[in-house]
Amino acid sequence: MKITLTEHKKVKPDFTKLGFGKYFTDHMLVMYYHNGAWEEPEIVPYDAFAMDPCTNVLHYGQGIFEGLKAYKTPDGKITTFRPYENFNRMNRSAQRLCMPQLDVDLMVDCLKKLVEIEQDWIPTAPGTSLYIRPTMIANDKALGVHAAHDYIFFIILSPVGSYYANGLAPTKILVEDTYVRATPGGTGEAKCMGNYAASILAGEIANQKGYDQVLWLDGVERKYVEEVGSMNIVFVIDGVVVTPALVGSILPGITRKSTLEVLRKAGYKVEERRISIEEVIQAHKDGKLNEVFGTGTAAVISPVGVLNYKGVDYVINNNEMGEISRYAYDTITGIQYGRIKDEFGWIEKCN
Ligand code: COI
């Protein structure tokens, strides 16, 4: 790996007022795919790409990305959470989008080196971390619709606070029954750019109505719950943890998977199955919808305080974070920030 360090370091922002994804560190990692192979990865000063307007990612969106985080632990260690999972998922996304595979071990090593170089950018205030965004884009200069021959892989880093402006305050979610995010056979389980582009209109409409995000239903019957805009969704119904099964149109979230493992280990009954929106609403009417929360790298564990379905607001757990959501949040973040012993082997040290 080649490393070129900048002499012109940026002035760091106020780490207590970060928001999400607004500031970027001094360096990035870049690797080009050309003539059928990846070239040597390079850490270089953070800079813009010069792109020909005909570059095919700009037209057809052949692009994928990942999201994970780095943390500084109380004993000064720099860590990341399950990075192999992210690069394995990226390879599955790449396969679906007809893009080249990455060497997972090499990518984890590159990531650790980049994070180590940028360690002064890791914020330490509660709820803050260094967000890591690995991305791969098609880079052919041609307008024909076909798999590109050239690609750019890059990793950028951003010190972040909480994804939602109100932090851990319960979110308001609108159940979307007009637009859909994904259909069977589509790209729903890949982390590709187009999935997010397709979600923006419904998200904007929900925001205008006073909701934070939408809850997507399945694309065939608009009956089964799938996921929320930037996170997977979990319900606690009559004490049982229920989350939509990964049926192909749902993003296989790493925080989702980790949360289910943590809750199973703690003895909670966990079900991954199809769950209809009618079942959720009926559980609420019966007083059995104990908790709803989202899971995601950016969102971490975010309680849902209100679900709106067909014009009716259903308030969950008095608009407060529930016991199981709190346990999941405390355990996952405890492991990530080094406050709790990592019995799962999820933490990768960078220094
Ligand atoms: C993440 O949680 O890392 C995501 O990629 C979701 C979102 C910010 C697009």
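Are tyrosine 33 and tyrosine 151 buried or exposed? In this predicted model, tyrosine 33 is buried, and tyrosine 151 is buried as well. The report below begins with these residues and their aromatic partners, then turns to the cores, the largest pocket and some individual residues.

**Aromatic pairs**

The model holds 14 aromatic pairs. In one of them, tyrosine 33 and tyrosine 151 meet edge-to-face, with 5.8 Å from centre to centre and 70 degrees between the planes. Tyrosine 33 belongs to strand β2 (residues 27-34) and tyrosine 151 to strand β9 (residues 151-160), so this pair links distant parts of the chain, 118 residues apart.

Phenylalanine 87 and phenylalanine 153 form a tilted pair, because their ring centres are 6.4 Å apart and their planes stand at 55 degrees. Phenylalanine 87 is in helix α2 (residues 83-96) and phenylalanine 153 in strand β9, so the pair ties together parts that are 66 residues apart in sequence. Both phenylalanine 87 and phenylalanine 153 are buried. Ring pairs join Tyr33, Trp38, Phe87, Tyr151 and Phe153 into a cluster.

In two further places, the charged end of a lysine sits over an aromatic ring, as the table shows.

| Lysine | Ring beneath the charged end | Distance from ring centre |
|---|---|---|
| Lysine 10 | Tyrosine 46 | 4.2 Å |
| Lysine 265 | Phenylalanine 344 | 5.3 Å |

**Nonpolar cores**

The largest nonpolar core has 44 residues, of which Phe87, Leu102, Val115, Met136, Phe153 and Ile155 touch the most other members. Two or more residues of this core come from each of β2, β4 (42-45), β6 (68-72), α2, α3 (104-117), β8 (129-138) and β9. Leaving aside residues up to four places away in sequence, valine 115 touches Ala70, Ile78, Ile122, Ile132, Leu157 and Cys350. A second core, separate from the largest, has 26 residues, including Ile275, Ile281, Ala283 and Ala299.

**The largest pocket**

The largest pocket encloses about 820 Å³ of space. It is lined by 37 residues, and the closest to its centre are Tyr163, Tyr196, Gln213, Gly229 and Ser230. Two or more lining residues come from each of β8, α4 (193-208), β11 (213-217), α5 (254-265) and β16 (289-296). With 6 residues, α4 gives the most to the lining.

**Glutamate 176**

Glutamate 176 is part of strand β10 (residues 171-176). Its relative accessible area is 9%, so glutamate 176 counts as buried, the cut-off being under 20%. Not counting residues up to four places away in sequence, glutamate 176 touches Ala202, Val214, Leu215, Trp216 and Leu217. The C-alpha atom of glutamate 176 is separated by 16 Å from that of glycine 294, which lies 118 residues apart along the chain.

**Residues with positive phi**

Most residues other than glycine have a negative phi. Arginine 82, in the loop between β7 (78-81) and α2, has instead a positive phi near 50 degrees. Arginine 82 counts as buried because its relative accessibility is 9%.

Asparagine 319 also has a positive phi, near 60 degrees, and lies in the loop between β18 (312-315) and α7 (323-336). How buried or exposed is asparagine 319? Its relative accessibility is 38%, so asparagine 319 counts as partly exposed.

Key: Residues are numbered from 1 along each chain as its sequence is written. This is a predicted model: local features need pLDDT of at least 70, side-chain atom pairs count only at pLDDT 80 or more; totals for chains, interfaces and linings use all residues. Side-chain values use heavy atoms; hydrogens and water are left out. Rings of Phe, Tyr and Trp (its six-membered ring) pair if their centres lie within 6.5 Å; planes under 30 degrees apart count as stacked, over 60 as edge-to-face and the rest as tilted. Helices (H or I, at least four residues) and strands (E, at least two) are DSSP runs, numbered from the N terminus. Buried means under 20% relative accessible area, exposed over 50%, partly exposed in between (1.4 Å probe, protein chains only). A charge sits over a ring if NZ of Lys or CZ of Arg is within 6 Å of the ring centre and within 35 degrees of the ring normal. A nonpolar core is a set of buried Ala, Val, Leu, Ile, Met, Phe, Trp, Tyr and Cys residues joined through side-chain atoms within 4.5 Å. Contact means heavy atoms within 4.5 Å. On a 1 Å grid over the protein atoms alone, a cavity is a set of points where a 1.4 Å probe fits but cannot get out, and a pocket is an open set with protein on both sides within 12 Å along at least five of seven lines; lining residues have an atom within 4 Å of a point. Grid points are joined across faces, edges and corners, and a volume is the space filled by probe spheres set on the points.
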